Amino acid sequence: MSRAPVMGATLLLLAVLADAGNVVYSFTDVAAAHAAKLAEVRCAACGTEDGKVDVWHPDGFSRESVHPGSTSIRLLEIRGGDELLQMARELGLTARIKLGDVRGAAAKQVPPANHTASARGFHDEYHTMSEIASQMYSYYQQYVGTGVEYVDSIGSTNDGAAIPALRLGRSTRKNMVFLQCGAHAREWISPATCMYVVEKLLSDQQSGREPAATLLNAVEVFVVPVLNPDGYRYTWSTNRMWRKNRRSNADGSFGVDLNRNYDDHWGRCGSSAVPSSDTYRGTGPFSEPETRAVERLFADYKAAGYRIQAGIDVHAYGQLILRPYGWILPTEPCPGESSPPCVPPNEHILARFGEDMKSAIREESGKVYTSEHAAELYCAAGGADDWIATETMQANGFCLELRDTGNYGFVLPASEIVPTGQEIYKALLSYLGGVVDGLE
Ligand code: 0X9
Ligand code: ZN
(Lines give C-alpha, C1' and ligand atoms only; values in the text may rest on other atoms or scores of the structure.)
(Ligands and ions follow the chains in the order given, each with its own letter.)
Protein backbone atom coordinates (compact mmCIF):
# COMPACT_ATOMS: atom_id res chain seq x y z
CA MET A 1 0.00 0.00 0.00
CA SER A 2 2.73 2.41 0.98
CA ARG A 3 4.58 1.85 -2.27
CA ALA A 4 2.32 3.79 -4.60
CA PRO A 5 3.35 7.31 -3.54
CA VAL A 6 7.02 6.32 -3.69
CA MET A 7 6.52 4.99 -7.24
CA GLY A 8 4.79 8.24 -8.11
CA ALA A 9 7.69 10.27 -6.80
CA THR A 10 10.18 8.11 -8.68
CA LEU A 11 8.27 8.52 -11.90
CA LEU A 12 8.10 12.25 -11.40
CA LEU A 13 11.83 12.41 -10.76
CA LEU A 14 12.54 10.34 -13.87
CA ALA A 15 10.35 12.62 -15.92
CA VAL A 16 12.28 15.66 -14.69
CA LEU A 17 15.64 13.98 -15.33
CA ALA A 18 14.59 12.83 -18.78
CA ASP A 19 13.76 16.38 -19.67
CA ALA A 20 17.03 17.85 -18.41
CA GLY A 21 19.36 19.01 -21.14
CA ASN A 22 16.54 19.22 -23.66
CA VAL A 23 16.53 23.00 -23.98
CA VAL A 24 18.85 25.44 -25.74
CA TYR A 25 19.17 28.74 -23.88
CA SER A 26 20.61 31.92 -25.28
CA PHE A 27 22.55 34.59 -23.43
CA THR A 28 23.68 37.92 -24.82
CA ASP A 29 26.71 40.06 -23.96
CA VAL A 30 28.15 37.69 -21.41
CA ALA A 31 31.46 38.50 -19.72
CA ALA A 32 34.10 36.02 -20.90
CA ALA A 33 34.66 34.82 -17.33
CA HIS A 34 30.92 34.21 -16.87
CA ALA A 35 30.71 32.41 -20.21
CA ALA A 36 33.52 30.13 -19.11
CA LYS A 37 31.60 29.35 -15.89
CA LEU A 38 28.42 28.52 -17.81
CA ALA A 39 30.36 26.23 -20.14
CA GLU A 40 31.70 24.28 -17.16
CA VAL A 41 28.27 23.42 -15.74
CA ARG A 42 27.51 19.70 -15.55
CA CYS A 43 24.76 18.23 -17.67
CA ALA A 44 24.50 14.47 -17.56
CA ALA A 45 21.70 14.41 -20.15
CA CYS A 46 23.44 16.62 -22.72
CA GLY A 47 25.42 13.76 -24.24
CA THR A 48 28.79 15.49 -24.21
CA GLU A 49 31.91 13.42 -23.56
CA ASP A 50 33.05 15.48 -20.60
CA GLY A 51 29.59 15.47 -18.98
CA LYS A 52 29.20 19.22 -19.34
CA VAL A 53 26.62 21.39 -21.06
CA ASP A 54 26.71 21.39 -24.86
CA VAL A 55 27.68 24.82 -26.17
CA TRP A 56 26.02 25.21 -29.58
CA HIS A 57 27.37 28.68 -30.23
CA PRO A 58 30.15 29.74 -30.23
CA ASP A 59 30.63 26.18 -31.34
CA GLY A 60 32.66 24.03 -29.02
CA PHE A 61 33.49 26.93 -26.70
CA SER A 62 34.98 25.29 -23.66
CA ARG A 63 37.83 26.27 -21.45
CA GLU A 64 39.77 28.57 -23.72
CA SER A 65 38.38 31.90 -24.82
CA VAL A 66 37.51 32.00 -28.49
CA HIS A 67 37.67 35.76 -28.55
CA PRO A 68 41.26 36.58 -27.58
CA GLY A 69 41.50 39.93 -25.90
CA SER A 70 37.73 40.32 -25.80
CA THR A 71 36.02 40.74 -22.45
CA SER A 72 32.58 39.60 -23.54
CA ILE A 73 30.78 37.13 -25.79
CA ARG A 74 28.07 38.68 -27.96
CA LEU A 75 25.89 35.58 -28.19
CA LEU A 76 26.03 32.28 -26.35
CA GLU A 77 23.66 29.40 -27.10
CA ILE A 78 23.92 26.51 -24.68
CA ARG A 79 22.03 23.25 -24.35
CA GLY A 80 21.60 22.51 -20.68
CA GLY A 81 19.23 21.94 -17.79
CA ASP A 82 18.35 23.23 -14.34
CA GLU A 83 21.99 23.43 -13.27
CA LEU A 84 22.67 25.83 -16.12
CA LEU A 85 19.74 28.01 -15.12
CA GLN A 86 20.92 27.92 -11.52
CA MET A 87 24.42 29.07 -12.54
CA ALA A 88 22.95 31.79 -14.77
CA ARG A 89 20.88 33.00 -11.83
CA GLU A 90 23.96 33.07 -9.57
CA LEU A 91 25.83 35.12 -12.18
CA GLY A 92 22.88 37.49 -12.62
CA LEU A 93 22.41 36.51 -16.28
CA THR A 94 19.14 36.31 -18.17
CA ALA A 95 18.58 33.01 -19.97
CA ARG A 96 16.16 33.04 -22.90
CA ILE A 97 14.75 29.80 -24.31
CA LYS A 98 15.97 29.47 -27.88
CA LEU A 99 14.78 25.93 -28.59
CA GLY A 100 12.42 24.32 -26.09
CA ASP A 101 12.52 20.68 -27.20
CA VAL A 102 15.81 19.54 -28.75
CA ARG A 103 14.93 15.85 -28.72
CA GLY A 104 11.51 16.50 -30.24
CA ALA A 105 13.01 18.61 -33.05
CA ALA A 106 15.71 15.97 -33.68
CA ALA A 107 13.14 13.15 -33.77
CA LYS A 108 11.17 15.03 -36.42
CA GLN A 109 14.24 15.11 -38.67
CA VAL A 110 14.33 11.34 -39.05
CA PRO A 111 11.80 9.86 -41.47
CA PRO A 112 9.48 7.23 -39.91
CA ALA A 113 10.77 3.64 -40.18
CA ASN A 114 8.02 2.67 -42.63
CA HIS A 115 8.73 5.51 -45.06
CA THR A 116 9.47 4.73 -48.70
CA ALA A 117 12.19 6.89 -50.18
CA SER A 118 10.36 7.08 -53.48
CA ALA A 119 7.24 8.55 -51.91
CA ARG A 120 9.01 11.88 -51.50
CA GLY A 121 11.92 13.56 -53.25
CA PHE A 122 15.48 12.84 -52.12
CA HIS A 123 15.92 16.44 -50.93
CA ASP A 124 12.76 16.39 -48.82
CA GLU A 125 14.47 14.31 -46.16
CA TYR A 126 17.76 13.86 -44.37
CA HIS A 127 19.59 10.65 -45.28
CA THR A 128 21.91 8.09 -43.76
CA MET A 129 25.50 7.77 -44.95
CA SER A 130 24.75 4.73 -47.08
CA GLU A 131 21.71 6.40 -48.67
CA ILE A 132 23.89 9.40 -49.55
CA ALA A 133 26.62 7.22 -51.07
CA SER A 134 24.17 5.27 -53.22
CA GLN A 135 22.46 8.46 -54.35
CA MET A 136 25.87 9.83 -55.39
CA TYR A 137 26.39 6.74 -57.49
CA SER A 138 22.92 7.15 -59.02
CA TYR A 139 23.80 10.73 -60.02
CA TYR A 140 26.93 9.40 -61.68
CA GLN A 141 24.92 6.83 -63.65
CA GLN A 142 22.19 9.28 -64.58
CA TYR A 143 24.53 12.07 -65.73
CA VAL A 144 27.52 10.10 -67.00
CA GLY A 145 27.36 11.96 -70.32
CA THR A 146 28.29 15.24 -68.62
CA GLY A 147 31.78 14.01 -67.72
CA VAL A 148 30.91 13.41 -64.06
CA GLU A 149 33.12 10.92 -62.24
CA TYR A 150 32.29 8.92 -59.11
CA VAL A 151 35.21 8.52 -56.72
CA ASP A 152 34.65 5.53 -54.43
CA SER A 153 36.75 6.98 -51.67
CA ILE A 154 39.31 9.73 -51.20
CA GLY A 155 40.69 7.90 -48.16
CA SER A 156 39.46 5.66 -45.40
CA THR A 157 38.39 6.82 -41.95
CA ASN A 158 39.34 5.66 -38.45
CA ASP A 159 36.44 3.18 -38.58
CA GLY A 160 37.56 1.99 -42.02
CA ALA A 161 34.74 3.73 -43.90
CA ALA A 162 35.00 5.16 -47.40
CA ILE A 163 34.76 8.91 -48.08
CA PRO A 164 32.97 9.01 -51.45
CA ALA A 165 33.21 12.01 -53.79
CA LEU A 166 32.04 13.27 -57.17
CA ARG A 167 33.99 15.26 -59.76
CA LEU A 168 31.72 17.38 -61.94
CA GLY A 169 32.37 19.15 -65.24
CA ARG A 170 34.74 19.01 -68.11
CA SER A 171 37.44 21.65 -68.04
CA THR A 172 39.96 21.17 -70.83
CA ARG A 173 42.36 23.41 -68.92
CA LYS A 174 42.09 21.32 -65.75
CA ASN A 175 40.85 24.06 -63.48
CA MET A 176 39.13 22.91 -60.33
CA VAL A 177 37.08 24.19 -57.40
CA PHE A 178 36.83 22.15 -54.20
CA LEU A 179 33.58 21.82 -52.26
CA GLN A 180 33.59 20.09 -48.89
CA CYS A 181 30.57 19.33 -46.69
CA GLY A 182 29.89 17.37 -43.54
CA ALA A 183 33.16 17.92 -41.63
CA HIS A 184 31.08 18.43 -38.49
CA ALA A 185 28.83 15.44 -37.96
CA ARG A 186 25.78 17.11 -36.40
CA GLU A 187 25.43 19.78 -39.08
CA TRP A 188 23.08 17.67 -41.22
CA ILE A 189 22.03 20.50 -43.49
CA SER A 190 25.59 20.62 -44.87
CA PRO A 191 25.69 17.19 -46.64
CA ALA A 192 22.04 17.68 -47.64
CA THR A 193 22.94 20.99 -49.32
CA CYS A 194 25.98 19.51 -51.06
CA MET A 195 23.72 16.80 -52.50
CA TYR A 196 21.20 19.40 -53.64
CA VAL A 197 23.77 21.53 -55.46
CA VAL A 198 25.39 18.46 -57.04
CA GLU A 199 22.10 17.37 -58.58
CA LYS A 200 21.26 20.90 -59.71
CA LEU A 201 24.68 21.47 -61.30
CA LEU A 202 24.46 18.14 -63.13
CA SER A 203 20.91 18.60 -64.39
CA ASP A 204 21.56 22.21 -65.46
CA GLN A 205 24.74 21.15 -67.21
CA GLN A 206 23.04 18.28 -69.01
CA SER A 207 20.19 20.42 -70.25
CA GLY A 208 22.55 23.24 -71.25
CA ARG A 209 21.08 25.70 -68.75
CA GLU A 210 23.24 28.74 -68.09
CA PRO A 211 25.33 29.76 -66.32
CA ALA A 212 26.03 26.21 -65.08
CA ALA A 213 26.72 24.79 -68.55
CA THR A 214 29.41 27.36 -69.36
CA LEU A 215 30.88 27.37 -65.85
CA LEU A 216 31.35 23.59 -65.83
CA ASN A 217 33.31 23.81 -69.06
CA ALA A 218 35.68 26.29 -67.45
CA VAL A 219 36.07 24.73 -64.00
CA GLU A 220 35.45 21.28 -62.62
CA VAL A 221 33.93 20.98 -59.17
CA PHE A 222 35.22 18.30 -56.82
CA VAL A 223 32.58 17.60 -54.17
CA VAL A 224 32.95 15.68 -50.92
CA PRO A 225 29.41 15.63 -49.47
CA VAL A 226 30.37 13.95 -46.17
CA LEU A 227 33.98 14.42 -45.12
CA ASN A 228 33.30 12.81 -41.75
CA PRO A 229 31.31 9.60 -42.39
CA ASP A 230 32.19 8.06 -39.00
CA GLY A 231 30.88 11.07 -37.11
CA TYR A 232 27.85 11.33 -39.38
CA ARG A 233 26.95 7.66 -38.82
CA TYR A 234 27.34 8.21 -35.09
CA THR A 235 24.82 11.08 -35.17
CA TRP A 236 22.30 8.65 -36.68
CA SER A 237 23.06 5.71 -34.39
CA THR A 238 23.99 7.09 -31.01
CA ASN A 239 24.35 10.81 -30.38
CA ARG A 240 22.62 13.32 -32.65
CA MET A 241 24.80 16.13 -31.29
CA TRP A 242 28.21 14.59 -32.09
CA ARG A 243 30.58 17.06 -33.79
CA LYS A 244 34.04 15.50 -34.22
CA ASN A 245 35.32 12.43 -36.05
CA ARG A 246 35.53 9.12 -34.14
CA ARG A 247 39.26 8.91 -33.42
CA SER A 248 39.95 6.86 -30.32
CA ASN A 249 42.09 9.24 -28.25
CA ALA A 250 44.88 8.28 -25.85
CA ASP A 251 42.88 9.30 -22.78
CA GLY A 252 39.92 7.07 -23.66
CA SER A 253 37.82 9.87 -25.13
CA PHE A 254 36.76 10.02 -28.77
CA GLY A 255 37.08 12.45 -31.61
CA VAL A 256 39.16 15.18 -33.19
CA ASP A 257 37.57 18.38 -34.50
CA LEU A 258 38.45 18.17 -38.21
CA ASN A 259 38.09 21.93 -38.54
CA ARG A 260 40.98 22.43 -36.12
CA ASN A 261 43.19 19.78 -37.72
CA TYR A 262 44.27 21.39 -41.01
CA ASP A 263 47.87 22.39 -41.47
CA ASP A 264 47.54 26.14 -41.24
CA HIS A 265 48.53 27.88 -38.00
CA TRP A 266 47.58 24.60 -36.33
CA GLY A 267 47.25 24.83 -32.54
CA ARG A 268 46.68 28.56 -32.31
CA CYS A 269 43.48 30.31 -31.18
CA GLY A 270 40.18 28.55 -30.52
CA SER A 271 41.49 25.02 -30.59
CA SER A 272 41.88 22.74 -27.62
CA ALA A 273 44.68 20.40 -26.56
CA VAL A 274 42.21 18.48 -24.39
CA PRO A 275 41.06 15.32 -26.23
CA SER A 276 37.53 15.29 -24.80
CA SER A 277 36.94 18.89 -25.90
CA ASP A 278 34.62 19.47 -28.84
CA THR A 279 37.36 21.61 -30.41
CA TYR A 280 40.20 19.11 -29.88
CA ARG A 281 42.81 19.82 -32.53
CA GLY A 282 44.37 16.33 -32.61
CA THR A 283 47.97 15.34 -31.97
CA GLY A 284 49.35 17.29 -34.92
CA PRO A 285 48.41 18.94 -38.21
CA PHE A 286 46.66 16.41 -40.46
CA SER A 287 46.78 13.74 -37.75
CA GLU A 288 43.35 12.56 -38.98
CA PRO A 289 42.64 10.32 -41.97
CA GLU A 290 39.83 12.59 -43.19
CA THR A 291 41.92 15.78 -43.34
CA ARG A 292 44.92 13.84 -44.65
CA ALA A 293 42.68 12.53 -47.44
CA VAL A 294 41.94 16.13 -48.46
CA GLU A 295 45.64 16.98 -48.34
CA ARG A 296 46.43 13.99 -50.56
CA LEU A 297 43.59 14.77 -52.91
CA PHE A 298 45.00 18.26 -53.49
CA ALA A 299 48.51 16.87 -53.98
CA ASP A 300 47.33 14.17 -56.40
CA TYR A 301 45.27 16.51 -58.56
CA LYS A 302 48.08 19.05 -58.63
CA ALA A 303 50.51 16.32 -59.65
CA ALA A 304 48.10 15.38 -62.43
CA GLY A 305 48.31 18.93 -63.80
CA TYR A 306 45.17 20.35 -62.20
CA ARG A 307 45.08 23.93 -61.01
CA ILE A 308 42.93 24.06 -57.91
CA GLN A 309 41.62 27.59 -57.98
CA ALA A 310 39.49 27.94 -54.84
CA GLY A 311 37.35 26.06 -52.37
CA ILE A 312 34.46 26.21 -49.92
CA ASP A 313 33.91 24.33 -46.66
CA VAL A 314 30.22 24.10 -45.76
CA HIS A 315 28.97 24.17 -42.15
CA ALA A 316 25.96 25.15 -40.07
CA TYR A 317 24.53 27.19 -38.48
CA GLY A 318 24.39 31.01 -38.43
CA GLN A 319 23.84 32.20 -42.03
CA LEU A 320 27.38 33.42 -42.46
CA ILE A 321 29.78 33.79 -45.37
CA LEU A 322 33.22 33.61 -43.79
CA ARG A 323 36.44 34.59 -45.53
CA PRO A 324 40.02 34.33 -44.27
CA TYR A 325 41.54 34.67 -41.91
CA GLY A 326 40.07 32.42 -39.26
CA TRP A 327 43.34 32.11 -37.32
CA ILE A 328 43.78 35.79 -36.47
CA LEU A 329 41.45 38.74 -35.95
CA PRO A 330 41.55 41.58 -38.49
CA THR A 331 41.91 43.99 -35.58
CA GLU A 332 45.36 42.52 -34.81
CA PRO A 333 48.61 43.15 -36.69
CA CYS A 334 49.93 40.17 -38.63
CA PRO A 335 52.96 38.50 -36.97
CA GLY A 336 56.03 40.66 -37.69
CA GLU A 337 53.91 43.68 -38.64
CA SER A 338 53.52 46.73 -36.46
CA SER A 339 49.91 47.62 -37.17
CA PRO A 340 46.56 46.02 -38.01
CA PRO A 341 44.63 44.90 -39.94
CA CYS A 342 45.85 41.39 -40.47
CA VAL A 343 43.92 40.43 -43.61
CA PRO A 344 45.02 38.51 -46.73
CA PRO A 345 46.68 40.49 -49.53
CA ASN A 346 43.65 39.78 -51.76
CA GLU A 347 41.17 40.95 -49.10
CA HIS A 348 39.30 43.25 -51.48
CA ILE A 349 38.74 40.39 -53.94
CA LEU A 350 37.62 37.97 -51.23
CA ALA A 351 35.32 40.61 -49.72
CA ARG A 352 33.75 41.00 -53.15
CA PHE A 353 33.16 37.24 -53.44
CA GLY A 354 31.46 37.36 -50.03
CA GLU A 355 29.23 40.32 -50.93
CA ASP A 356 28.26 38.74 -54.25
CA MET A 357 27.27 35.47 -52.57
CA LYS A 358 25.28 37.40 -49.98
CA SER A 359 23.40 39.27 -52.74
CA ALA A 360 22.75 36.07 -54.69
CA ILE A 361 21.20 34.46 -51.60
CA ARG A 362 19.11 37.49 -50.75
CA GLU A 363 17.81 37.70 -54.28
CA GLU A 364 16.85 34.01 -54.30
CA SER A 365 15.15 33.64 -50.92
CA GLY A 366 15.24 36.95 -49.11
CA LYS A 367 17.43 35.36 -46.42
CA VAL A 368 20.09 37.62 -44.97
CA TYR A 369 23.55 36.12 -44.57
CA THR A 370 26.38 38.05 -42.93
CA SER A 371 29.65 38.34 -44.84
CA GLU A 372 32.68 38.76 -42.59
CA HIS A 373 36.14 37.44 -41.69
CA ALA A 374 35.99 33.99 -40.13
CA ALA A 375 37.79 35.17 -37.00
CA GLU A 376 35.17 37.86 -36.45
CA LEU A 377 32.77 35.05 -35.56
CA TYR A 378 35.45 33.71 -33.24
CA CYS A 379 39.12 33.00 -33.68
CA ALA A 380 39.74 29.36 -34.63
CA ALA A 381 42.96 28.11 -36.20
CA GLY A 382 43.60 24.95 -38.19
CA GLY A 383 40.41 25.39 -40.25
CA ALA A 384 39.79 24.07 -43.75
CA ASP A 385 39.05 27.54 -45.16
CA ASP A 386 42.43 29.02 -44.17
CA TRP A 387 44.27 25.95 -45.45
CA ILE A 388 42.35 25.94 -48.75
CA ALA A 389 43.29 29.61 -49.22
CA THR A 390 46.98 28.76 -48.82
CA GLU A 391 46.75 25.87 -51.29
CA THR A 392 44.73 27.40 -54.12
CA MET A 393 45.75 29.42 -57.17
CA GLN A 394 43.45 32.31 -56.27
CA ALA A 395 44.26 32.12 -52.52
CA ASN A 396 40.53 31.70 -52.01
CA GLY A 397 39.04 29.59 -49.22
CA PHE A 398 35.58 30.22 -47.79
CA CYS A 399 33.50 28.79 -44.98
CA LEU A 400 29.72 28.93 -45.34
CA GLU A 401 27.51 28.61 -42.28
CA LEU A 402 24.06 27.63 -43.56
CA ARG A 403 20.59 28.16 -42.06
CA ASP A 404 19.30 29.00 -39.56
CA THR A 405 20.18 31.72 -37.06
CA GLY A 406 19.55 29.52 -34.04
CA ASN A 407 15.81 28.82 -33.85
CA TYR A 408 16.48 25.18 -34.64
CA GLY A 409 20.26 25.30 -34.94
CA PHE A 410 21.63 21.83 -35.68
CA VAL A 411 18.16 20.27 -35.82
CA LEU A 412 16.91 22.28 -38.78
CA PRO A 413 13.66 20.75 -40.15
CA ALA A 414 13.98 18.74 -43.37
CA SER A 415 11.52 21.12 -45.03
CA GLU A 416 14.40 23.65 -45.11
CA ILE A 417 16.71 21.46 -47.22
CA VAL A 418 15.28 22.56 -50.58
CA PRO A 419 15.10 26.31 -49.85
CA THR A 420 18.61 26.21 -48.35
CA GLY A 421 19.83 24.28 -51.39
CA GLN A 422 18.23 26.79 -53.75
CA GLU A 423 19.84 29.81 -52.15
CA ILE A 424 23.24 28.14 -51.81
CA TYR A 425 23.08 26.99 -55.42
CA LYS A 426 22.77 30.64 -56.46
CA ALA A 427 25.65 31.57 -54.14
CA LEU A 428 27.75 28.80 -55.66
CA LEU A 429 27.01 29.93 -59.22
CA SER A 430 28.10 33.43 -58.22
CA TYR A 431 31.24 32.00 -56.61
CA LEU A 432 32.12 29.87 -59.64
CA GLY A 433 31.53 32.89 -61.87
CA GLY A 434 34.00 34.90 -59.78
CA VAL A 435 36.54 32.08 -59.95
CA VAL A 436 36.18 31.83 -63.73
CA ASP A 437 36.62 35.62 -64.04
CA GLY A 438 39.84 35.26 -62.04
CA LEU A 439 41.34 32.55 -64.25
CA GLU A 440 44.62 33.46 -65.87
O1 0X9 B 1 34.06 26.51 -35.52
C2 0X9 B 1 34.04 26.12 -36.68
O3 0X9 B 1 34.75 25.20 -37.08
C4 0X9 B 1 33.07 26.76 -37.67
N5 0X9 B 1 31.80 26.97 -37.06
S6 0X9 B 1 30.85 25.70 -36.66
O7 0X9 B 1 29.72 26.22 -35.94
N8 0X9 B 1 30.27 25.04 -37.97
O9 0X9 B 1 31.62 24.75 -35.95
C10 0X9 B 1 33.62 28.10 -38.12
C11 0X9 B 1 34.96 28.01 -38.77
C12 0X9 B 1 35.38 29.31 -39.42
N13 0X9 B 1 36.72 29.20 -39.95
C14 0X9 B 1 37.84 29.34 -39.21
N15 0X9 B 1 37.80 29.77 -38.00
N16 0X9 B 1 38.97 29.04 -39.80
ZN1 ZN C 1 30.82 23.19 -38.46
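**Exercise 1. Which side chain makes a polar contact with the side chain of S287?**

Before starting, note that this is a predicted model, where local features need pLDDT of at least 70, side-chain atom pairs count only at pLDDT 80 or more, and totals for chains, interfaces and linings use all residues. Residues are numbered from 1 along each chain as its sequence is written, chains are lettered from A and ligands numbered from 1 in the order in which they are written, and side-chain values use heavy atoms, with hydrogens and water left out.

*Solution.*
- Step 1: Find S287 in the loop between α8 and α9. Helices (H or I, at least four residues) and strands (E, at least two) are DSSP runs, numbered from the N terminus.
- Step 2: Check its cover. S287 has a relative accessible area of 12%, so it counts as buried (under 20%; exposed is over 50%, partly exposed in between, with a 1.4 Å probe and protein chains only).
- Step 3: Look for the partner. The side chain of N261 is 2.9 Å from that of S287. A polar contact is a pair of N or O atoms within 3.5 Å; within protein, one must be able to donate a hydrogen and the other to accept it, and residues adjacent in sequence count only if both atoms are side-chain atoms.

**Exercise 2. Describe the surroundings of ligand 1.**

*Solution.*
- Step 1: Start with the shell. Ligand 1 has 17 residues around it, and R243, R260, Y378, D385 and E401 come nearest (near means that a heavy atom of the residue lies within 4 Å).
- Step 2: Sort the shell by class. There are seven charged, five polar and five nonpolar residues. Ala, Val, Leu, Ile, Met, Phe, Trp, Tyr, Cys and Pro count as nonpolar, Asp, Glu, Lys and Arg as charged, and the others, Gly among them, as polar.
- Step 3: Place it on the fold. Both β9 (307-316) and α12 (384-391) supply at least two shell residues.
- Step 4: Pick out contacts. A polar side-chain atom of R243 is 2.6 Å from an oxygen atom of ligand 1, and one of E401 is 2.6 Å from a nitrogen atom of the ligand.
- Step 5: Consider the cover. Ligand 1 taken alone exposes 420 Å², and the protein buries 98% of that (Shrake-Rupley method, 1.4 Å probe).

**Exercise 3. Find the protein donors of the zinc ion.**

*Solution.*
- Step 1: List them. For the zinc ion (ligand 2), the protein donors are H184 (ND1), E187 (OE), E187 (OE) and H315 (ND1), at 2.0 to 2.3 Å. Donors are N, O and S atoms within 2.8 Å of the metal (3.2 Å for Na, K and Ca); water is not among the atoms, so sites may look incomplete.
- Step 2: Read their spacing along the chain, which is H-x2-E-x127-H.
- Step 3: Check burial. H184 and E187 are both buried.

**Exercise 4. Trace two of the salt bridges.**

*Solution.*
- Step 1: Apply the rule. A side-chain nitrogen of Lys or Arg must lie within 4 Å of a carboxyl oxygen of Asp or Glu; the count comes to 18 salt bridges.
- Step 2: Take R186 and D278, whose side chains meet at 4.0 Å, N to O. R186 is in the loop between β7 (175-181) and α6 (189-206) and D278 in the loop between α8 (229-237) and α9 (289-303), so the pair ties together parts 92 residues apart in sequence.
- Step 3: Extend the picture. D54, R186 and D278 are linked in a network of salt bridges.
- Step 4: Turn to R323 and E347, with their closest N and O atoms 3.0 Å apart. This pair joins strand β10 (residues 320-323) to helix α10 (residues 347-365), across 24 residues.
- Step 5: Check burial again. R323 and E347 are both buried.
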